Amino acid sequence: MKKIIILFSFIILFTNSFSEKTIVLATDEWEPYYGNSLKNQGILSEIVREALKEEGYNCEIKFMPWKRVLALVKEGIYDAVLGGYYSVKREEDYLFTDKILDVTVSFFSYKNIKYNTLKDLKGYKIGVVSGYFYTEEFEKSNLKKIKVSMAKNLIKIYKAGIVDVIAVENRVFKYYMRGLKNNRYKNKIGELSTNSLHLLFTKKNKDSEKMVKDFNAGLKKIRKNGKFDEILKRFEKSN
C-alpha cells in the first residue's frame, strides 16, 4: 500500500512538472508565418516549437485579434506573444527574446503613386492593423490610417477599394493575394521597414526571464544543429 501511495505521489509530481513546462503563446493569423490552418501552424510556429522542445518545453498557441493578443499577454493571461516587433514602448510591458526572423513591410496600392517618403502618402487612406507597430515615424505621422483587427481583413478592405494603400509584410501580402489575376492590386510602391520577429514575454510572470533565456538557448541549438535551416528551406520552397 505504501509503495502505491509513493508511486501515485510521483505521478502527480511528474504531471505538475510537465504542465509547468508548457508555454502558452498568443498571436493572430498572419499567414504564411503563423496561422491555425497552416501546416505546423506556420513557419514561425514550427521554429518556436522546435526551439522550446530543445529546452524541454511544450507550447500551445492561441489565435485571436492582435490588439487582444497584446493586452492578454501584458496582463499575464498568456505567457508570450508569438511574433512581435521590438519597440521602446513595448519594452515597458514585455521581455524580448533574441531575433527569430527578419521580415519586410511594404506599401501596396492600385493607384499610380510615386512613393519616396511618407509625405507622398498624404491625402490617401492607408490600411493598417490595429496594434501593429510599423515605424516610429509612421506611428507619429498624421497620415489617414484606417485600422482593422487582422491582416486578412486588411486585404479585404484593400480589394474592396475602401483604402488606397496598405502597409503589409511582403510574404503576407503574397499569401493573401494568391489566385488574384488582377495585377493592378499587386503593385508595390515602396518599402516601409525591415523588422525582426521575437517572442514577447509578459513581465507579470516571475518565470518569464528564465523562459526567455531557455528559448534563446533552444534557438541557438536549432540554428547549430540544422533544424532552423531545414524549416526555412521548406518554407522558401513552398512560398
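The following exchange concerns helix H7, the largest pocket and the largest nonpolar core of a predicted model.

Author: Local features of this predicted model need pLDDT of at least 70, side-chain atom pairs count only at pLDDT 80 or more, and totals for chains, interfaces and linings use all residues. Residues are numbered from 1 along each chain as its sequence is written, and side-chain values use heavy atoms, with hydrogens and water left out.

Reader: How do you know that the end C-alpha distance of helix H7 agrees with its expected span?

Author: The expected span is 1.5 Å times one less than the number of residues. The 18 residues of H7 (208-225) should therefore span 26 Å, and the end C-alpha atoms are 26 Å apart, which agrees. Helices here are DSSP runs of H or I with at least four residues, and strands are runs of E with at least two.

Reader: Which residues of H7 are called buried?

Author: Buried means under 20% relative accessible area (1.4 Å probe, protein chains only). Ser208, Met211, Val212, Asp214, Phe215, Asn216, Gly218, Leu219 and Ile222 are the buried residues of H7. Their cover includes strand S1 (22-27) and helix H2 (43-54), contact being heavy atoms within 4.5 Å.

Reader: Which class of residue is most numerous in the lining of the largest pocket?

Author: The lining has ten charged residues (Asp, Glu, Lys and Arg), beside eight nonpolar and three polar ones. Helix H3 supplies the largest share, four residues.

Reader: What makes Trp30 notable in the largest nonpolar core?

Author: Trp30, Phe107 and Leu121 have the most contacts inside that core of 80 residues. Among the residues that Trp30 touches are Tyr85, Val103 and Leu197.

Terms used
Buried < 20%, exposed > 50% of the residue type's maximum accessible area, 1.4 Å probe, protein only. Core = buried A, V, L, I, M, F, W, Y, C linked by side-chain atoms within 4.5 Å. Lists of a residue's contacts leave out its neighbours within four places in sequence.
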